[in-house]
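These are my notes from one sitting with the structure. I looked up enclosed space, one helix pair and a few totals for the chain.

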Amino acid sequence: MTLANMRFRTINIIICGLSALAGLVLLVVLAFITRNVSELETDWHEYQQARSDKPRLESQLTKSMGFGGMIHDFKNLVLRHDGALIPEIQNEIGAARSALFRYQSLGISQQEEVALHGLNETLDRYDAMVLKVRQLMATDESVREIDRQVVVDDYLAVSGLDTLRSVAIRESRDNANPLEDGMGKARLVANLRRDMGYGEMIHHFKNYVLRGDAIYGQQAAQDIQSLRETLAAYREMGMNVAEQRAIRDIASVIQAYSERLLTISHLHDEQPGMSASELDARVKVDDAPAIEGLAVLDHQSDQRVAATSAAVGKTLKLLATLAPIVNGLALIMIAVLIGLSMWLFARYVLKPIRRLTQTMNTLANDDVSVVIDSTQHTNEVGQMARALQKFKYNIIESNNYKKRITQLAMHDSLTGLPNRQHFYERSEQWLADVNEEGGQMACLMLDIDKFKPINDTYGHAAGDVALKVIAERLNQVVRKDDFVARLGGDEFVVLVHNADIQANLGRHGELAQLAQRIIDSLGKPFLYEDHKLEVGCSIGIAIAPQHGNQREALTHNADMALYAAKNEGRNCAIQFSRHDELGQIVASSSRRAASSTAVKR
């Protein structure tokens, strides 16, 4: 008799025998665990130590380079010419290098190696600039002139710290243990140091004092808002007296910096000739309470980790004590289970399994409307029911995934706009409506001016940001029923269907107004890191059916108009005309309109 044809009663007897055998195996396993529990405790402590190395070193780097550290003292050195800060800065650079060296020895990814290399290069530059500042201090150069001569590009270091921070957060999340407490607070303290330090609040604040550029003030204000949110999150986790005092001190220093930002802004307006040194003296903040408060929070985190480690050790010892008791209870439970298995199996297994079998047959036919019962049970039948419930959800997710795949195939992954294939389908669909039902459709071909210099100067990351900004602005200026797509590179297209389209686009024509809105919107500058970037837009317009009732002809004529717009000097929109090779300018930037007599608006 094969297993498939065996009666359930026979299977029940076999399972009872297997239960007894499983009980013996359980005894062996428990004895093995008891014998090796001390080794398990040692392994746990080693695991804890290895797990915390990278987050700890990342926090040390942030501390050495940030608030109260290298960049803080370096900016104060430039502002205040305090030679006593030079050895402190050199010590902080040395501490940062030591942390980088230890991080290098932990086994790192290529991404981390690039981050460490960038941090090392930046530390070398600051080390050299400290000596240069000492030389310039002996001259009559102004503070702002000294700052200009010793400026260091912080991009590699800031991005490197962001990379190490991401690794630390990921490792803390992956290695989180339910027995451990305080990891959330430790991460919040690390966030406080990061947002107060290098590349963030104190860095931007000092640069605002030194250079007077309002963008630094705006960035510092954003950093302060982020710091306040982090402090609020820390308070929500509950605090002891020491933590309350530390958080209060940190918050008071942050508030002081927030007030000084307003003071700097007023002084720039009222006394534009004020020197950086005088301005620094007027807005100087005592950082000691915040530095001491951060040290207190670090100490509290260390105490929590130590307490957690001790608790884990006690738990493991308790398990070793309870193991013999568990062995005895297991024997009693096995004896009871053998006696009750026949009755339990017949009543609580066979009957639910029959229902689950019917449900499985229903799901096999892709009918997900079936209701699965027995999921509330805690026995094996309940496990099967929950697995079947998950299978049902997987079928639903699979169907949704197919829909998402179709969605992704028709959209650009960077901007989220419809892609070229989607444009082909939509334009042919609308052209069919125009050919069958009448009406008109306009095709606006867009080419971004001054986009290549952004890529060449600031890199593809800046280009990607520009494309996202362009896509967002296009969606804002078009109507709800209009269609916007990215064809590739810096080429975009807008389709307008059954709008109030006039063959002769005048000053008040709807397409002219739309083209003007696009040119005006895309011409506005935007920020990338510390850089203010700007692009333009050339537009070629073709209207169906008079300029073509097939997609190829319509897009070709729109492209011809686009070339004419570029030849006209860019930053304008030209409508295709069969009688005029250049077409007619229907919109242009305000800067071109002032000097071009060819613009007809």
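Entry 1, terms. I take a cavity to be a set of grid points where a 1.4 Å probe fits but cannot get out, and I count a residue as lining it if an atom lies within 4 Å of a point. The model I am reading is predicted.

Entry 2, the second largest cavity. I began with this one and listed its lining: Arg80, Phe205, Lys206, Tyr257, Asp280, Val283, Lys284, Val285 and Asp287. Helices α9 and α12 are the elements that give two or more residues to this lining. I sorted the lining residues by class and found 4 nonpolar, no polar and 5 charged. The volume of the second largest cavity came out at about 30 Å³.

Entry 3, the search as a whole. How many cavities of 30 Å³ or more does the whole structure hold? My search returned 2.

Entry 4, the largest cavity. I noted a volume of about 40 Å³ for the largest cavity. Its lining consists of Phe74, Lys75, Tyr126, Asp147, Val150, Val151, Val152, Asp154, His203 and Arg211. Two or more of these residues come from α3 (70–80), and two or more from α9 (201–211). By class I recorded 5 nonpolar, 1 polar and 4 charged residues in the lining of the largest cavity. I note that α9 is named for the largest cavity and also for the second largest.

Entry 5, a helix pair. Val283 had appeared in the lining of the second largest cavity, and I met Val283 again in α12, among the residues that face α11. Which residues make up this contact between α11 and α12? From α11 I listed Arg260, Thr263, Ile264, Leu267 and His268; from α12, Leu279, Arg282 and Val283. The contact comprises 4 nonpolar, 2 polar and 2 charged residues.

Entry 6, geometry of that pair. Two packed helices are described by the angle between their axes and the distance between the axes. Helix α11 covers residues 241–270 and helix α12 residues 276–283. I read an angle of about 140 degrees between them, with the axes 10 Å apart. The crossing of α11 and α12 is right-handed.

Entry 7, the chain. I counted 20 helices and 8 strands. Of the 601 residues in the chain, 44% are buried. I also looked at contacts between residues at least 6 apart in sequence, and 70% of these join residues at least 24 apart.

Methods: Residues are numbered from 1 along each chain as its sequence is written. This is a predicted model: local features need pLDDT of at least 70, side-chain atom pairs count only at pLDDT 80 or more; totals for chains, interfaces and linings use all residues. Side-chain values use heavy atoms; hydrogens and water are left out. Axes are lines fitted to C-alpha atoms, for helices over the stretch in contact, and angles run from 0 to 180 degrees between N-to-C directions. Helices (H or I, at least four residues) and strands (E, at least two) are DSSP runs, numbered from the N terminus. A crossing is left-handed if the near helix is turned anticlockwise from the far one by less than a right angle, and right-handed if clockwise. Contact means heavy atoms within 4.5 Å. Ala, Val, Leu, Ile, Met, Phe, Trp, Tyr, Cys and Pro count as nonpolar, Asp, Glu, Lys and Arg as charged, and the others, Gly among them, as polar. On a 1 Å grid over the protein atoms alone, a cavity is a set of points where a 1.4 Å probe fits but cannot get out, and a pocket is an open set with protein on both sides within 12 Å along at least five of seven lines; lining residues have an atom within 4 Å of a point. Grid points are joined across faces, edges and corners, and a volume is the space filled by probe spheres set on the points. Buried means under 20% relative accessible area, exposed over 50%, partly exposed in between (1.4 Å probe, protein chains only).
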